[in-house]
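User: Please take a close look at the charged side-chain pairs in this model, then work outwards from there. I'd like one connected account, not a list.

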Amino acid sequence: MSKPTIILVHGAFGDASSWRGVFDLLDGGQYTLLAAALPLRGVASDVAYLEAVMGQLDGPVVLVGHSYSGCVITVAGVSDKVAALVYVNAFMPDVGESIADLQARFPSLAMGNFLQPRPLPDGSVELSVDPDLFQNIFCADVPDDVAAFMSHAQRPLAASAFEEPASAAAWKTKPSWGVFGTGDQPIAPELHRFSLDRAGSTVTEVEGASHFAHVSKPKVVAGVIRDAVAATVANAVA
């Protein structure tokens, strides 16, 4: 059997560099590690991109998704190559559910008009976060200099992605783990608890951690990922 591949998938308003702390902790030779850079153009589009990445791998694969990309790994995770799913402060839609549907059940705790729309030449709109509000809402527990960089390195998300329903729900058939911070503002902790309970996931709550818990608490998140690999891949080293 090939070494397990862990694919770290960033969410909206982040980028692949947000996984650096977790990547470094996992980079000991037991796994093949990839930090995928999603286009952030919509669920179906991003699923197709992630499927293309997995198409070049032998498997087994453990998909790790943050925030919006929880939707992406939920759909892409039905691949036979995928052994497990790890959700990090992430959305976990059921078939036919969108981010908007989930947040209608448990509204975001983030206050104020912090999203900045930008019209594109094709008539669509993408959204980014006001850099002045980024740290307070998304990563209050991250050092100031790191948060400042993150606010300017963020990648925008197509606005239509919030309304796009999931076409599959891999957590119904694949084992899943979830880790989230109780200080998450963009995704309410109660939504995390609802989603993870519905999926029967193994859950880790990190008291006070922000939406970017993998940046502020990389050891905890890396530990959850190791547990997922060890529990689902025969030759994993915990």
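Analyst: Let's start with Glu97, which counts as buried at 11% relative accessibility (buried is under 20% relative accessible area, exposed over 50%, partly exposed in between, with a 1.4 Å probe and protein chains only). Bear in mind that this is a predicted model, where local features need pLDDT of at least 70 and side-chain atom pairs count only at pLDDT 80 or more, while totals for chains, interfaces and linings use all residues. Residues are numbered from 1 along each chain as its sequence is written, and side-chain values use heavy atoms, with hydrogens and water left out.

The partner of Glu97 is Arg198: their side chains form a salt bridge at 3.0 Å, N to O (a side-chain nitrogen of Lys or Arg within 4 Å of a carboxyl oxygen of Asp or Glu). Arg198 sits in helix H7 (residues 189-199) and Glu97 in the loop between strand S4 (82-88) and helix H4 (99-105), so this pair ties together parts 101 residues apart in sequence. Helices (H or I, at least four residues) and strands (E, at least two) are DSSP runs, numbered from the N terminus. While Glu97 is buried, Arg198 is partly exposed, at 26%.

Helix H7 shows up again with Arg193, whose salt bridge to Glu205 has its closest N and O atoms 2.9 Å apart. Glu205 lies in strand S9, so here the tie is between parts 12 residues apart in sequence. Both ends are partly exposed: Arg193 has a relative accessible area of 30% and Glu205 one of 39%. Elsewhere, salt bridges with shared partners join Arg41, Arg118 and Glu126 into one network.

The salt bridge count comes to eight, and one of them stays inside a helix. Asp24 and Arg20 meet at 3.0 Å, N to O; they are four residues apart in helix H1, which means about one helical turn separates them. Asp24 is partly exposed at 41%, and Arg20 is exposed at 55%.

Now for the rings. There are six aromatic pairs (rings of Phe, Tyr and Trp, using its six-membered ring, with centres within 6.5 Å; planes under 30 degrees apart are stacked, over 60 edge-to-face, the rest tilted). Phe13 and Phe138 have ring centres 6.0 Å apart and planes at 75 degrees, so they're edge-to-face. Phe13 is in the loop between strand S1 (5-9) and helix H1 (20-26), and Phe138 is in helix H5 (residues 131-138), so the pair ties together parts 125 residues apart. Both Phe13 and Phe138 are buried. Phe134 and Phe212 make a tilted pair, 6.0 Å centre to centre with 40 degrees between the planes. It links helix H5, home of Phe134, to the loop between strand S9 (202-206) and helix H8 (213-216), where Phe212 sits 78 residues away. Phe134 and Phe212 are buried too, and ring pairs link Phe13, Phe114, Phe134, Phe138 and Phe212 into a cluster.

Helix H8 also holds His214, buried at 1% relative accessibility. The His214 side chain makes a polar contact with that of Ser18 at 3.3 Å (N or O atoms within 3.5 Å, one able to donate a hydrogen and the other to accept it within protein; residues adjacent in sequence count only if both atoms are side-chain atoms).

Stepping back, the protein has nine helices and nine strands, and 53% of its 238 residues count as buried.
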